[in-house]
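This note is offered to a colleague who is meeting the structure for the first time. Its points are numbered so that each can be checked against the view.

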Amino acid sequence: MPVELIPLPLSVSERQGSFLLGPTTVIVATGPALASAWLLHDVLHTATGHAMPVVPDAAGAPAITVLVDGETTDAFPSTAAERYHLAINEDHVTIHAAQPAGATRAVQTVRQLLPADALRAAPVLTEPVTLPCLTIDDEPRFAWRGLMLDVARHFQPKEFLLRLIDLAALHRLNVLHLHLTDDQGWRLEVPSWPKLTQIGAWRSETVLGHARDQLGFDGTPHGGYYTIADLKEVVAYARARHITVVPEVDLPGHVRSALAAYPELGNTGTTQPVATTFGVFEQILAPTDEALRFARDVFDVVVDIFDSPFIHIGGDECPRTEWQQSAAARARADELGLPGVEFLQSWFTAQFAQHLRQHGRRVIGWDEILDGGAPDDAVISVWREFGIAAKALAAGHDVIVAPQEAVYLDFYASPGPAEPLHIHGNLPLETIAEFDPVPASPDDRTDGAGHRAPGAVLGVQAQLWTEYLPTPREVEYAAFPRLAAVAEMAWASMDNRRAQPVTERLTTHLTRLDALGVNYRPPAGPHPWQSGGTGARARFDHR
């Protein structure tokens with residue numbers, strides 16, 4: 001039976017035979033290889049029930065040797081840091097990587113080489129567990145392979161974030177982007193601004209069905225937030241799997257939840273509640289010193305929690321209406337020497353970037369921050385349309401490719417009436433599987449050392465906006481198995497993707513998701529218990 005891995009490795013050479021994972025097997029590792037070796041120990045102990053010790057020498061026992069040449073040297077993101085060699089023979093297994101991240105990616109490949117039932121939370125296999133003999137040489141196409149989860153529209157429990165990190169790791173993704181703040185909720189504890197979580201983290205109710213349909217509200221309060229300790233736990237859990245957690249605090253728009261707590265930060269001074277429906281709201285930060293102090297205080301907490309070299313500042317969907325109607329905003333624009341209030345967002349962005357630069361961090365913003373000019377070192381998350389990527393690259397910006405037409409997993413997976421309620425659009429897995437995330441003529445070259453040139457495509461990121469994904473089960477349904485195709489897009493070369501389409505390996509991969517208990521969407525369509533049935537999706541077409 002041929003090996004079927006997702007994402008597809010750079011090269012695979014299969015051979016006859018297998019390596020037995022038995023009670024006498026040991027894992028050999030020292031120094032920088034130890035963390036990956038212990039991660040492998042946990043995987044194999046769960047799969048087989050055998051506690052395979054991590055030791056410095058095999059002493060004649062059947063061994064899995066994990067070799068890492070040195071500590072992490074390449075700055076994130078870097079494909080070279082994730083390169084690995086895996087050789088499985090009948091009498092021994094070798095994982096060899098230059099840096100710890102590569103060895104950790106090899107561990108996830110080993111997970112997929114196990115029988116699917118070995119991925120369950122406890123041993124269930126009655127037959128001896130083996131690994132097929134083969135050699136894999138592997139390196140990702142892109143250094144940034146991300147998944148964004150919106151925890152602001154619907155709060156997702158910390159335990160689900162940890163589960164999602166494990167699922168991302170299985171697919172060799174390396175970024176979890178958390179959208180922590182929006183009009184409908186503030187999910188980040190900021191001790192110096194306590195009302196953000198006392199008031200801003202809670203809404204009184206949520207719109208029923210799709211917001212466009214005006215079906216009323218559910219009358220049920222919704223909310224929650226992560227403590228600083230919660231988020232540090234998430235970051236540490238991800239770090240152990242060489243996944244970077246990138247936080248997003250969306251400013252200066254999408255701030256209804258913050259203004260519900262501190263209305264003096266807005267342009268009108270009037271108090272409005274945390275938003276209970278979805279869409280774009282006119283309420284935005286006022287261009288004041290107090291609003292800047294607020295943002296800096298928040299970012300100071302963010303950089304203390306998150307070790308990501310990148311901080312996402314949002315910047316999307318920021319109407320200028322309040323600034324245009326505000327004499328104070330117009331006066332501030334004049335004071336700053338700006339041509340008009342429409343340039344106040346660029347001023348905000350520059351202030352955020354400067355502050356974060358002092359912390360050694362770079363800003364990421366949605367592609368709207370290009371309007372009016374973005375800081376030279378800002379990374380652009382291209383979402384509105386893929387064509388913007390080429391424009392951002394031409395302007396010298398690094399780019400994360402995240403367009404609606406290819407990676408918005410909150411879109412419908414099919415036009416069928418049985419689909420549960422999503423936001424709109426139609427993004428079948430086959431479309432993802434065929435998409436090339438590199439614009440026609442980008443400058444994404446690297447030098448001989450593997451370092452990025454200016455104006456590079458850093459990689460790919462899928463989006464899971466949760467307006468209509470209220471619980472982890474709905475999030476998993478929207479994400480899987482389409483996220484497998486995104487992971488393949490981000491890791492594998494286009495030649496390999498065309499030669500061995502991900503759709504042809506999906507059946508095997510679904511058995512892994514079954515073993516992990518993932519509430520994925522079957523390729524043929526939703527199960528009856530997943531279906532929208534005759535409910536909102538059947539009655540109202542938001543494609």
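1. Two strands are said to pair if DSSP finds at least two bridges between them. In this predicted model, strand β4 (residues 63-68) and strand β6 (residues 92-97) meet that condition with 6 bridges, and their pairing is parallel. Within this pair, Thr-65 has Thr-94 of β6 as its bridge partner.

2. Strand β6 also pairs with strand β5 (residues 84-88), here in the antiparallel sense and over 5 bridges. A hairpin of 3 residues provides the connection from β5 to β6. Opposite Ala-87 in this pairing stands Thr-94 of β6. Thr-94 is thus a useful residue to locate, as it is also the bridge partner of Thr-65.

3. Strand β5 has a further antiparallel pairing, with strand β7 (residues 129-138), and this one runs over 5 bridges. Ala-87 takes part here too, standing opposite Thr-135 in β7. As general background, the strands of a sheet pair through backbone hydrogen bonds, in either a parallel or an antiparallel manner.

4. These pairings belong to an open sheet of 7 strands with mixed pairing, in which the order is β1-β7-β5-β6-β4-β2-β3. Which strands stand at the edges? They are β1 and β3; each has a single partner strand, so one side of each is left without a neighbour in the sheet.

5. Two helices should be viewed together with the sheet. Helix α1 (residues 34-48) packs on it and touches β1, β2 (26-28), β3, β4, β6 and β7; the direction of α1 makes about 150 degrees with that of β4. Helix α2 packs on the sheet as well, touching β4, β5, β6 and β7, and its direction makes about 40 degrees with that of β5.

6. How do the axes of α2 (residues 100-113) and helix α3 (residues 158-170) cross, and at what angle? They come within 9 Å and cross at roughly 85 degrees. Angles of 65 to 115 degrees count as roughly perpendicular, and α2 and α3 are therefore roughly perpendicular to each other. From α2, the contact involves Gln-108, Arg-111 and Gln-112, while α3 contributes Asp-166, Ala-169 and Leu-170. By class, the residues of this contact are 2 nonpolar, 2 polar and 2 charged.

7. Some backbone details deserve inspection. The peptide bond joining Ile-6 and Pro-7 is cis, with omega about 0 degrees, and Pro-7 lies in the segment before β1 (11-21). Another cis peptide bond leads from Phe-76 to Pro-77, where omega is near 0 degrees; Pro-77 is placed in the loop between β4 and β5. Ala-59, although not a glycine, has a positive phi of about 50 degrees. This residue, Ala-59, is found in the loop between β3 (54-55) and β4.

8. The last point concerns the largest pocket, whose volume is about 480 Å³. Its lining comprises 22 residues, of which Pro-420, Leu-421, Tyr-468, Pro-470 and Glu-474 are the closest to the centre. Two or more lining residues come from each of the elements α14 (472-479) and α18 (536-539). With 3 residues, α14 gives the most. In the lining as a whole, 11 residues are nonpolar, 7 are polar and 4 are charged.

Conventions: Residues numbered from 1 in each chain as written. Predicted model: local features only at pLDDT ≥ 70, side-chain atom pairs only at ≥ 80, totals over all residues. Heavy atoms only, no water. 1 Å grid on protein atoms, 1.4 Å probe; cavity = no way out; pocket = protein on both sides within 12 Å on 5 of 7 lines; lining within 4 Å. Points joined across faces, edges and corners; volume = space filled by probe spheres on them. Helix = DSSP H or I, 4+ residues; strand = E, 2+ residues; numbered from the N terminus. Nonpolar A, V, L, I, M, F, W, Y, C, P; charged D, E, K, R; others polar. Axes fitted to C-alpha atoms, helices over the stretch in contact; angles between N-to-C directions. Parallel < 35°, antiparallel > 145°, perpendicular 65-115°, else oblique. Contact = heavy atoms within 4.5 Å.
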